[in-house]
Amino acid sequence: MNKSRHCGILLHPTSLPGTYGCGTIGLYAYKFIDWLKEAGQSLWQILPLGPTGYGDSPYASFSTFAGNPLLIDLDLLLQKGWTEKSIIRPAEYIKKDGNIDFGALVWWKIPVLKNSALYFLDNAGKEDLQLYKDFCKNNKSWLDDFSLFMSIKAFYDKKAGEEKSPSSIWYAYWPQKLAAHEETALSEWKKDNASDIEIYKVIQFFFDFQWKELKAYANKNGIKIIGDIPIFVAIDSADVWANQKYFQLDKDGKPLCVAGVPPDYFSADGQLWGNPLYDWDCMKQSGYDWWIKRIKRVFDLTDILRIDHFRGFEAYWSVPFGAKNAIGGQWKKGPGLDLFKTIKRKLGDIPVIAEDLGVITDEVRLLREQSGFPGMKVLQFAFSPEEIAENGMVNAFMPHMFESSNCVVYTGTHDNDTLQGWLNNCSEKQLKIVADYVTASDLKESEYNNLLKNGKLRKLVIKAAISSCADNCVIPMQDIIGCGNEARMNMPSTTGSNWTWRMKSKDLNEKAAKELLFLTELYGRKN
């Protein structure tokens, strides 16, 4: 039997407290790692680290290789002598606490980072400049195109705003030769905008340096970081623009079909993600070179990889470009096991978690089993009164029904309501099922409602996850500290207030750590 059992917390760094605008990879990230160690945790799961684009979603970034500049800690830059105090002084409209206002944050912080980059280039010592040069050399395969893309994008985004254009996306608004990634046009742009391009490289160096120092601190304290990548990438990204042959695009770069999922638990109309789809035949001919580079970069920054929407490798939902919802899509075959055999041959046995939620067929289950990757079990999906009335207590997400220990159990994910919010909104019938299950008692209405109100029901569901046979258990931080649905991270198929939640400094307290440590030790997950 595999005796290695682990426990951890799901928290994206933007949700950390204590810094202006949003959480960063500075002081409170280190404090969070200290808290994880105190609580006996050995895993820290995050969301994708890329620079966010439309809707501020980590799952729709300008690059799957680059880091999010909003996570860079300004105080750490100051400590290194890479900026000065007058540059990083926060604007009056940027608050230190409370939820994130991404619009205001970007307006303030990106110019601060650009000015800090200029300061670094003018004032950094020889050793630091050599670190920067080494970073550029080691990451040239993605950094050059990303910095070029961002330079061109900033120019044409500004122009589109001035002209009130409905779109500034590269295939719709850039000059044809730039949009087509033609080398002559790009060389001309590089020559005319060399300083601007280098600024984007320095900002990426800032992120890379800070993140790797943080990761080293986590690893030193016995904590592995679970990274995350979506199967698809955003159309408005350096990834698509610089690698157009690998995507299903027309001659002008516009998507022919886009990604989504059919109607499901989260949406009656399905989810229309809008990502361009891969040309898997072309990918295969290249030996999946782009995917190999992508995964290598993730493991440069993290220890374990969660791949979002794993089922899309078996078959993906293809929706005609321009459709209003995802209902009219159709399933198309993905690369299947061939991709993962190639990855294993080139990168070895890498630790991967397969997000196998949604419409899961026998073919998807077989692919996950053949790959050997652990899947996900989400307890919020376990207690449907309708399913239980039809099938009894045999839902695959119930801990007693886990088919093996090779899985990761969650109370919920970034796409779910918080555990307390979900319990608050359960029907009386569902609430009784949950309460009876976690207490092993036939409770009266007053009894399970009391458990709900005093937070004990939430803690019992967390206990059910930690005590399960799953090798790994990950609990969202919101569930540990008892947040309601005001702390929900994302509501799929919506924009506006997603990804904005931040915890408070007081949430990293000894009481919460001790309670979690007790359960972690009790059920053999302390390492």
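**View A. Met376 has Val408 of strand E11 as its bridge partner.** The structure shown is a predicted model, in which local features require pLDDT of at least 70 and side-chain atom pairs pLDDT 80 or more, whereas totals for chains, interfaces and linings use all residues. Residues are numbered from 1 along each chain as its sequence is written, and side-chain values use heavy atoms, without hydrogens or water. Strand E10 (residues 375–378) and E11 run parallel and are joined by four bridges. Strands (E, at least two residues) and helices (H or I, at least four) are DSSP runs numbered from the N terminus. Strand E11 (residues 407–410) is covered on both faces, with Cys407 and Val409 buried on one side and Val408 and Tyr410 buried on the other. Buried denotes a relative accessible area under 20%, exposed over 50%, and partly exposed the range in between (1.4 Å probe, protein chains only).

**View B. An open sheet of eight parallel-paired strands has the order E9-E6-E3-E2-E1-E12-E11-E10.** The edges are occupied by strand E9 (352–354) and E10, each of which has a single partner strand, so one side of each lacks a neighbour in the sheet. From one strand to the next, the twist averages 25 degrees. Two strands are taken as paired if DSSP finds at least two bridges between them. Within this sheet, strand E2 (residues 43–45) and strand E3 (residues 224–230) run parallel and are joined by three bridges. Gln45 has Ile226 as its bridge partner in E3.

**View C. An open sheet of four strands with antiparallel pairing follows the order E5-E4-E7-E8.** Strand E5 (271–276) and strand E8 (330–333) form the edges; each has a single partner strand, so one side of each remains without a neighbour in the sheet. The average twist from one strand to the next is 50 degrees. Strand E4 (residues 257–261) runs antiparallel to strand E7 (residues 315–320), and four bridges join the two. Gly260 is paired with Trp317 as its bridge partner in E7.

**View D. Helix H5 (residues 126–138) packs against helix H6 (residues 140–162) at an angle of about 95 degrees.** The two axes lie 6 Å apart. Axes are lines fitted to C-alpha atoms, for helices over the stretch in contact, and angles run from 0 to 180 degrees between N-to-C directions. H5 and H6 are therefore roughly perpendicular to each other. Angles of 65 to 115 degrees are classed as roughly perpendicular, under 35 as roughly parallel, over 145 as roughly antiparallel, and the rest as oblique. On the H5 side, Phe135, Cys136, Lys137 and Asn138 meet Lys140, Trp142 and Leu143 of H6. The residues of this contact comprise four nonpolar, one polar and two charged. Ala, Val, Leu, Ile, Met, Phe, Trp, Tyr, Cys and Pro count as nonpolar, Asp, Glu, Lys and Arg as charged, and the others, Gly among them, as polar.

**View E. Helix H18 (residues 428–439) and helix H19 (residues 445–453) cross at roughly 80 degrees, with their axes coming within 10 Å.** This crossing makes H18 roughly perpendicular to H19. H18 contributes Glu428, Leu431, Lys432, Ala435 and Thr439 to the contact, and H19 contributes Glu445, Tyr448, Asn449, Leu451 and Leu452. Contact requires heavy atoms within 4.5 Å. The residues joining H18 with H19 are five nonpolar, two polar and three charged.

**View F. Thr24 lies in the loop between strand E1 (6–10) and helix H1 (27–38).** With a relative accessible area of 5%, Thr24 is buried. The side chain of Thr24 makes a polar contact with the side chain of Asp73 at 2.6 Å and reaches the backbone nitrogen of Gly26 at 3.3 Å. A polar contact is a pair of N or O atoms within 3.5 Å; within protein, one must be able to donate a hydrogen and the other to accept it, and residues adjacent in sequence count only if both atoms are side-chain atoms. Leaving aside neighbours within four places in sequence, Thr24 is in contact with Pro13, Leu16, Thr19, Ala29, Leu70, Leu71, Ile72, Asp73 and Lys109.

**View G. Tyr288 and Asp56 are loop residues with positive phi values.** Tyr288, although not a glycine, has a phi of about 55 degrees. Tyr288 is situated between helix H12 (280–285) and helix H13 (289–301) and counts as buried at 2% relative accessibility. Asp56, likewise a residue other than glycine, has a phi near 65 degrees. The loop that holds Asp56 lies between E2 and helix H2 (74–80). At 25% relative accessibility, Asp56 is partly exposed.
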